[in-house]
Each structure stands twice: as C-alpha cells, then as structure tokens.
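I am opening a fresh page for a structure I have not looked at before. My plan is to start with the ligand and then turn to the sheet.

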Amino acid sequence: MLTIALSKGRILDKTLPLLKKAGISVAKSELDSRKLILDTDSIDIKVIVLRASDVPVFVQHGAADFGIAGKDALLEHGADGVFELLDLEISKCRLMVASKKGVDLNKSTLKVATKYVNSAKEYFYQQGRQIEVIKLYGAVELAPIVGLSDCIVDLVDTGNTLEANNLAPVELIHEISSRLIVNSAAFNTKYIEISSWIKRIEKSL
Ligand code: PRP
C-alpha cells in the first residue's frame with residue numbers, strides 16, 4: 001500500500017488529471033466526501049489531500065510515501081528527509097518581493113509581511129539586508145496598503161492581485177512549480193513500487 005499526499009486548492013485541479021493519466025483516479029464521490037483518506041481506482045494507492053504547507057511534513061515523517069507540493073512549500077519547509085524527484089512543471093508562478101509602486105526598499109530595517117517567513121528571511125539575510133517579518137496567513141497584499149509593512153513576499157502568477165491593489169513585483173526570489181517528492185526512507189524500502197509509479201507519472205507529463 002502506498003499513500004500519496006496532494007495539495008488542496010488550485011494545484012489539486014492540475015494534479016488530479018496528471019495522476020489520472022498515470023493510472024491513479026480519485027472518484028468525484030471520494031473528493032466530495034468528508035473522508036480524509038481517499039480511495040483510488042488502484043487498490044494499492046490511497047490519497048490524502050492536505051494544506052499545501054503540510055504536504056512536505058507528512059512526507060518527511062513517512063505518513064505519506066510520496067507527495068506533490070509546490071516548490072514554495074518545499075523552500076519554506078526546508079525539505080529535510082524528503083527527496084525532490086520530479087519537476088511536474090504545473091502550477092507555475094514566482095515567489096517575489098512586491099511593494100507599492102515607487103517605494104524605496106533600501107531601508108536599514110525593512111518590514112516584510114508574508115506567509116513565507118523562512119524564505120523571506122533567507123533571501124534578505126543572504127544579501128545582508130535586515131528585516132522585520134510580519135507573519136500573515138492570508139490577504140498579504142493588504143499589508144503595504146495599510147502601512148503594516150514596507151513590502152510583501154508572496155506568490156505572483158498573473159500579477160492581477162498586485163495590479164488590483166496598486167502594488168508592483170520588484171524582486172524575484174524563486175521560480176515555482178509543483179514537484180514530486182518522496183520520503184527518503186520509503187524510497188529505499190519500497191523502491192520498486194514507488195519508482196514504478198514515478199515512472200508512470202513522469203511518462204504522463
Ligand atoms: C495566491 C497568492 C496571491 C495570488 C497571486 O493566493 O497568495 O494572492 O494567488 O495570483 P495572481 O498573480 O494571479 O493574482 P491564492 O489565490 O492562491 O490564495 P491564498 O492567499 O489563500 O494563498
């Protein structure tokens with residue numbers, strides 16, 4: 001039996017067709033149910049659908065054998081105990097610094113609002129820039145508008161959310177896409193089963 005951890009939200013809409021092509025289908029009745037462990041049409045595969053940031057945690061601790069997570073979640077988690085095996089090249093976007101248009105970000109201590117605390121710290125500290133991080137869980141774009149922060153670190157896809165709030169992307173931190181990750185211990189003990197599914201997923205890209 002193998003358990004796959006998937007990220008809920010936008011990324012799930014792109015992941016399910018990919019898995020289906022690889023031979024792993026989850027029925028709509030399963031997805032619509034309140035069940036937390038979902039059956040698939042493969043008797044030996046179960047699926048769990050998690051918050052994106054929890055996928056690396058479940059895979060790291062072996063609660064899932066492999067998973068599909070955004071590179072943003074992996075950077076933030078640190079990806080200890082996890083091998084990143086495939087870039088699925090779906091759900092592409094960018095992790096960026098954004099601010100109000102024309103704002104000077106060369107301050108001695110920059111206030112940065114973000115969900116991505118670790119990634120923001122690493123990015124600014126590597127450049128020797130001091131920051132004060134304000135951890136938010138949503139509506140991050142609001143922070144510079146109401147004076148809570150000088151800038152944000154967040155995902156940018158179309159740029160529409162920034163534009164609608166009179167913000168502009170100013171610095172690229174990392175290109176983001178979904179990655180297939182595997183628990184490093186499970187990859188050794190269940191190598192044959194896991195690698196055969198990974199090959200099928202790779203072929204369906
Ligand atoms: C993400 C991100 C931005 C938005 C960017 O939020 O946090 O707010 O998408 O997309 P855009 O450049 O196409 O406008 P999401 O809608 O995923 O919701 P969340 O804030 O709950 O993560």
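For these notes I count a residue as near a molecule if one of its heavy atoms lies within 4 Å of it. The model I am reading is predicted.

Entry on the ligand. With that cut-off I looked up which residues surround the ligand, and I found Arg10, Lys115 and Glu141, together with Asp154, Leu155, Val156, Asp157, Thr158, Gly159, Asn160 and Thr161. I then checked polar side-chain atoms: an N or O atom in the side chain of Lys115 is 2.6 Å from an oxygen atom of the ligand, and for Thr158 the corresponding distance to an oxygen atom of the ligand is 2.5 Å. For Asp154, I noted a polar side-chain atom 2.9 Å from an oxygen atom of the ligand. I also looked up the area of the ligand, which exposes 490 Å² when taken alone, and the protein buries 66% of that.

Entry on the sheet. I traced 5 strands that form an open sheet with mixed pairing, in the order β8-β7-β9-β6-β10. Because β8 (130-135) and β10 (167-176) each have a single partner strand, I recorded them as the edges, where one side of each is left without a neighbour in the sheet. Direction ignored, neighbouring strands of this sheet are turned by 30° against each other on average.

Entry on one pair and a helix. I followed β6 (residues 93-100), which pairs with β10 in the antiparallel sense over 8 bridges, and I saw that Ala98 stands opposite Pro169 in β10. Helix α5 (residues 117-126) packs on the sheet and touches β6, β7 (109-114), β8, β9 (151-156) and β10, while its direction makes about 170° with that of β8.

Methods: Residues numbered from 1 in each chain as written. Predicted model: local features only at pLDDT ≥ 70, side-chain atom pairs only at ≥ 80, totals over all residues. Heavy atoms only, no water. Pairing = 2+ DSSP bridges. Helix = DSSP H or I, 4+ residues; strand = E, 2+ residues; numbered from the N terminus. Axes fitted to C-alpha atoms, helices over the stretch in contact; angles between N-to-C directions. Contact = heavy atoms within 4.5 Å. Polar contact = N/O pair within 3.5 Å; in protein donor to acceptor, adjacent residues only side chain to side chain. Areas by Shrake-Rupley, 256 points an atom, 1.4 Å probe, with all protein chains shown as cover.
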